[in-house]
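The following report describes the helical architecture of one protein chain, moving from selected helix pairs to single helices and then to individual residues.

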Amino acid sequence: MIFVSMTTRRRSRVSRGRRAEGACVSSARGCRGTMAAPRENVSLLFKLYCLAVMTLVAAAYTIALRYTRTSDRELYFSTTAVCITEVIKLLLSVGILAKETGSPGRFKASIRENVLGSPKELMKLSVPSLVYAVQNNMAFLALSNLDAAVYQVTYQLKIPCTALCTVLMLNRTLSKLQWISVFMLCGGVILVQWEPAQATKVVVEQNPLLGFGAVAIAVLCSGFAGVYFEKVLKSSDTSLWVRNIQMYLSGIVVTLVGVYLSDGAEIKEKGFFYGYTYYVWFVIFLASVGGLYTSVVVKYTDNIMKGFSAAAAIVLSTIASVMLFGLQITLTFALGTLLVCVSIYLYGLPRQDTTSIQQGETASKERVGGT
């Protein structure tokens with residue numbers, strides 16, 4: 001992969017920078033958690049490449065997933081697919097870290113120091129996995145107590161929530177035009193995913209208050225978890241792939257618990273890989289590659305750009321579904337697509353260097369409504 005060689009070159013530059021830190025060389029582990037990560041020269045072209053690949057992979061994943069969940073074959077357990085995805089992402093991250101470190105000795109030392117010998121860091125990276133698990137459960141609870149159309153509208157508040165968390169947790173500012181583009185993106189995604197009211201009739205007794213409360217928690221979890229992971233990535237000079245390994249280890253544990261709680265009895269009867277086909281494995285492959293590129297995008301741009309990429313993927317996958325599954329383009333979809341495109345244009349390209357967080361340098365100056 002292209003980003004493997006590029007991260008390797010950046011690693012060598014970072015290593016030279018570390019050697020210049022005379023005071024920190026003798027106590028590297030003590031300094032890692034407090035000093036800001038060294039600035040890395042990441043080109044705009046590389047950022048756009050990662051965003052483009054992430055968008056295309058996400059769109060392809062949505063189409064392939066729809067096909068596997070609507071085909072006439074035996075339906076596989078989605079919880080096992082999620083678990084296997086976490087395992088593959090872990091293995092890929094281990095392989096990339098081995099290439100990045102350059103030798104078996106340095107690779108073993110990195111694993112020993114940052115994974116096996118750092119239980120606190122593992123606990124720190126388990127937070128996003130646990131929060132995402134809460135988010136998924138709240139989303140299910142919300143769908144059980146709200147009309148699907150209402151859920152679509154309210155759940156998209158995760159986009160401005162992510163922007164707000166970025167400002168509050170990372171001490172970053174957004175211009176008024178960027179805030180407008182964020183809310184425009186939110187509206188565009190709502191219109192793109194809008195379904196007619198007759199397609200979402202209430203067939204069971206629902207509790208709207210409980211549903212709205214669940215949506216609120218899911219929205220907050222979505223914004224917090226993404227920005228929390230970004231903050232952990234950018235607050236130290238620890239390798240991106242080490243951070244991925246730490247997070248995927250906890251992710252595997254969380255997903256295994258989900259497998260047992262959701263489908264444990266049926267899996268015992270039918271088997272872990274029940275219903276798996278080549279298409280299912282292709283979906284898992286796309287999810288794994290997409291997950292790695294997502295972490296790269298978060299590292300070298302931010303969660304807001306990730307949100308714009310996800311919105312573009314929704315538009316692309318819907319257009320592809322029109323050709324593949326016979327869906328019809330509606331006026332709301334066309335208007336939503338226009339809003340998404342305009343919002344991306346207004347927000348601007350990721351030219352700003354956001355690869356690290358400057359601790360305390362600008363915190364007193366920046367405000368939510370800054371320009």
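## Helix crossings and residue environments

The crossing of H9 and H11 is right-handed. In this predicted model, the axes of helix H9 (residues 158-170) and H11 come within 8 Å and cross at roughly 40 degrees. An angle from 35 to 65 degrees falls outside the roughly parallel and roughly perpendicular ranges, and H9 and H11 are therefore oblique to each other. On the H9 side the contact is made by Lys-158, Cys-161, Thr-162, Cys-165, Thr-166, Met-169 and Leu-170, and the residues they meet in H11 include Val-219, Gly-223, Phe-224, Val-227 and Lys-231.

Helix H11 (residues 208-234) also packs with helix H7 (residues 119-145), at an angle of about 155 degrees and with the axes 8 Å apart. H7 and H11 are therefore roughly antiparallel to each other, and their crossing is left-handed. The two pairs are set out below.

| Helix pair | Axis distance | Angle | Handedness |
|---|---|---|---|
| H7 and H11 | 8 Å apart | about 155 degrees | left-handed |
| H9 and H11 | within 8 Å | roughly 40 degrees | right-handed |

These pairs belong to a protein chain with 15 helices and zero strands. Of its 371 residues, 47% count as buried. Among the contacts in the chain with a separation of 6 or more, 88% are accounted for by residues 24 or more positions apart.

Two further helices can be described one at a time. Helix H13 (residues 278-300) has 23 residues, which at 1.5 Å a residue should span 33 Å, and the end C-alpha atoms of H13 are indeed 33 Å apart. H13 is mostly covered, with 17 of its 23 residues buried.

Helix H15 (residues 331-347) has 17 residues and reaches 24 Å from its first C-alpha to its last, close to the 24 Å expected at 1.5 Å a residue. Which residues of H15 are buried? They are Phe-333, Gly-336, Thr-337, Val-340, Ser-343 and Tyr-347. These residues cover an arc of only 130 degrees around the axis, which puts them on the same side of H15. As a general point, an α-helix has 3.6 residues a turn, so residues three or four places apart point the same way. The buried residues of H15 pack against helix H10 (176-192) and helix H14 (303-325), whereas Leu-331 and Tyr-345, on the other side of H15, are exposed. H15 is followed by Gly-348, whose phi is positive, near 95 degrees.

A positive phi is also found at Asn-171, a residue other than glycine, where the value is near 55 degrees. The background to this is that most residues other than glycine have a negative phi. Asn-171 lies in the loop between H9 and H10, and at 30% relative accessibility Asn-171 counts as partly exposed.

A last residue to consider is Thr-255, which is placed in helix H12 (residues 240-270). With a relative accessible area of 14%, Thr-255 is buried, since the cut-off for that class is under 20%. Leaving aside residues up to four places away in sequence, Thr-255 touches Val-82, Cys-83 and Glu-86. Thr-255 and Leu-130 are 125 residues apart in sequence, and their C-alpha atoms are 9.7 Å apart in space.

Key
Residues numbered from 1 in each chain as written. Predicted model: local features only at pLDDT ≥ 70, side-chain atom pairs only at ≥ 80, totals over all residues. Heavy atoms only, no water. Helix = DSSP H or I, 4+ residues; strand = E, 2+ residues; numbered from the N terminus. Expected span 1.5 Å × (residues − 1). Buried < 20%, exposed > 50% of the residue type's maximum accessible area, 1.4 Å probe, protein only. Arc of directions from axis to C-beta. Contact = heavy atoms within 4.5 Å. Axes fitted to C-alpha atoms, helices over the stretch in contact; angles between N-to-C directions. Parallel < 35°, antiparallel > 145°, perpendicular 65-115°, else oblique. Left-handed = near helix turned anticlockwise from the far one by under 90°.
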